[in-house]
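Q: Please take a close look at one part of this model, a helix and the loop that follows, and describe how the part is placed and what lies further along the chain.

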Amino acid sequence: MKRRIVNALPAIVLVLALLGAWELYADSGATSPSILPAPHTIAQSLWSNAGLLSHNLAVTAEEVVLGLALALALGFALGVLIHLSPPLRRAFYPLTVGSQAVPIAVIAPLLVFLLGFGLLPKLIVIVLICFFPVVVTTVDGLAAVDPDQLKLLRTLDASRWQAFRFAELPAALPAAISGARIAVTVGVIGAYIAESQTATSGAYAGLGHEINADLSSLQTARAYAAAVVLFAFAIACFYTLSLVERRLAPWANQSRGDLR
């Protein structure tokens, strides 16, 4: 525990320094509170709107978790197929790269028109944003297997499936989880974009909807408070996946340094 506190000190000091500079700048009158509220005002809004923000966080968290799970399944499966089949690699890899250049604002109205208002169009937006890092890291992980290890398995008459099971899959798993850690951070932004681009009915439509509504009504402090919650949620998801990696692929931490 003491070591963890010591390791966290640089980040804590940096955050406090940034908050202090922000507070001084906001209190100096150089900008309007409706544009940049002071940190203490945002903290007050966090406290007074805790119920509203927690309800919206639950909506966004559901979208991120479900969207990330679908992106992981799709990205890992597509990465394996691309690795195992050169024709599929030539067919799907360019389309996978190109999918990241499609503006969400263009397809979001189409998704709403086809699928209606609700969770599904937002999940599709999140999957489109999240699956690409998983595909790339999975393909790279599968390609990084030690050739001598594969030769050894072939000399032992291992089948193609056994080579994949005992050599390629263990090598790809840490890479896929690293891709998931990237995906979860962009997935939170994806949820914000999805909630902004796909109108939602209901009292609580997620933190993205809340931020846009608050900015439109000049409730800037509450919009920043919602952004802080989104920020903290992304960090929590990132380090949760780090813990998952330790459980599923403990050998990965023996070969590289870790930020945790």
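A: In this predicted model, L218 sits in the loop that runs between helix α9 and helix α10, the latter covering residues 220–248. The phi angle of L218 is near 60°, which is a positive value in a residue that is not glycine. L218 has a relative accessible area of 63%, and because the cut-off for exposed is over 50%, L218 counts as exposed.

On one side of this loop is α9, residues 207–216, which packs against α3, residues 50–84. The two axes are 8 Å apart and make an angle of about 130°. An angle of that kind falls neither under 35 degrees, nor over 145, nor in the range 65 to 115, and α3 and α9 are therefore oblique to each other. From α3 the contact takes L52, L53, N56, L57 and T60, and from α9 it takes L207, G208 and E210. Sorted by class, these residues are four nonpolar, three polar and one charged.

On the other side of the loop is α10, which contributes to the lining of the second largest pocket, as do α1 (2–27) and α2 (39–48), each with at least two residues. The space in this pocket is about 320 Å³. Its lining consists of A11, V15, L19, W22, P39, I42, A43, L46, A227, V228 and F231. By class, the lining has 11 nonpolar residues, with no polar and no charged ones. The contact of α3 with α9, by comparison, includes three polar residues and one charged residue.

Definitions and conventions
Residues are numbered from 1 along each chain as its sequence is written. This is a predicted model: local features need pLDDT of at least 70, side-chain atom pairs count only at pLDDT 80 or more; totals for chains, interfaces and linings use all residues. Side-chain values use heavy atoms; hydrogens and water are left out. Axes are lines fitted to C-alpha atoms, for helices over the stretch in contact, and angles run from 0 to 180 degrees between N-to-C directions. Helices (H or I, at least four residues) and strands (E, at least two) are DSSP runs, numbered from the N terminus. Contact means heavy atoms within 4.5 Å. Ala, Val, Leu, Ile, Met, Phe, Trp, Tyr, Cys and Pro count as nonpolar, Asp, Glu, Lys and Arg as charged, and the others, Gly among them, as polar. Buried means under 20% relative accessible area, exposed over 50%, partly exposed in between (1.4 Å probe, protein chains only). On a 1 Å grid over the protein atoms alone, a cavity is a set of points where a 1.4 Å probe fits but cannot get out, and a pocket is an open set with protein on both sides within 12 Å along at least five of seven lines; lining residues have an atom within 4 Å of a point. Grid points are joined across faces, edges and corners, and a volume is the space filled by probe spheres set on the points.
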